[in-house]
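Dear colleague,

Please find the structure below, together with its sequence. A description of what was found follows, and I would be grateful if you read it with the structure open beside you.

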Amino acid sequence: MRALAVAAAAVLIAMRFAGAAEPAELAGTLRLALPGGRSVPAADGVVWVAGALPRAARSSEQPPAVASRGKRFDPHVLVVTKGTTVSFPNVDSIFHNAFSRTPGTEFDLGLYRRGASRAYTFRSPGLVHLYCNIHAEMAAYVLVLEPEDAFAVADGSGSFRLSGLPAGPVTVHVWSEKGGEKELAVDLGPGAAPLEVVLDASGFRPTAHKNKYGRDYPPATQGVDRY
């Protein structure tokens, strides 16, 4: 009787593995629709599928960083998972002061010079706006996802690719600074066509932001690069 039970369990396990779907892949292109019917690649757009990966999938990744470089944040868009510590090195010859006033993720790294680096651990999921308290033109985004979320950032041509996804129907999230956020129902499986997503950026207008004290930035002067 015991031998029959063991044999039956072995058959069930074999059937389960035989019926298990192979991991799927999602690839495609993001574009931004502009006024006048034009469109451009949505470089730095983000695509993600919630709950698609085990936590251990990211154990070998390099520690992420956002550098102050050429009076810009590099990269302009960074995606991390909750609990990730991000470093903020200053590689310019001037001072910088990275900060955020995003509710739930407020931080101020203070003033620091070339060669120095500060760090912050992102503990709350969501989109974080990043600024410099000295240079109003410096702005970037950190998108914080859950550890099990699969994600990709579109390259300069708007192309992206996610591998190791569960086969079957999934909800795909797409976000772009100028095109906002969008959700799509996608059925992943063998031979699935590339996903072509167009986000409406026709109404995008850049807006001024306040410094870390909630005040307007002072006018730039000839001596601004001392800082």
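**Sheet and cores**

In this predicted model, five strands make up an open sheet of mixed pairing, and their order is 6-12-11-8-9. Strand 6 (77–81) and strand 9 (107–108) are the edge strands, each of them paired on one side only. Within the sheet, strand 11 (residues 126–132) and strand 12 (residues 139–145) are antiparallel partners joined by six bridges. Leu127 lies opposite Leu143 of strand 12.

Strand 7 (residues 84–89) pairs with strand 10 (residues 117–122), again through six bridges and in the antiparallel sense. Here Phe88 stands opposite Arg118 in strand 10. The side chains of strand 7 alternate: Thr84, Val86 and Phe88 are buried and point to one face, whereas Thr85, Ser87 and Pro89 point to the other and are not buried.

Please turn next to the nonpolar cores. In soluble globular proteins, nonpolar side chains tend to be buried together. The largest nonpolar core holds 26 residues, and Leu26 and Val172 touch the most other members. Several strands each supply at least two residues of this core, including strand 3 (46–49), strand 15 (168–176) and strand 16 (180–188). Strand 1 gives the largest share, four residues. Leaving aside residues up to four places away in sequence, Val172 touches Leu26, Val47, Trp48, Val49, Lys182, Glu183, Leu184, Val186 and Leu195. A second core, separate from this one, has 19 residues, among them Ala98, Phe107, Met138 and Ala140.

Yours sincerely

Definitions and conventions. Residues numbered from 1 in each chain as written. Predicted model: local features only at pLDDT ≥ 70, side-chain atom pairs only at ≥ 80, totals over all residues. Heavy atoms only, no water. Pairing = 2+ DSSP bridges. Core = buried A, V, L, I, M, F, W, Y, C linked by side-chain atoms within 4.5 Å. Buried < 20%, exposed > 50% of the residue type's maximum accessible area, 1.4 Å probe, protein only. Contact = heavy atoms within 4.5 Å.
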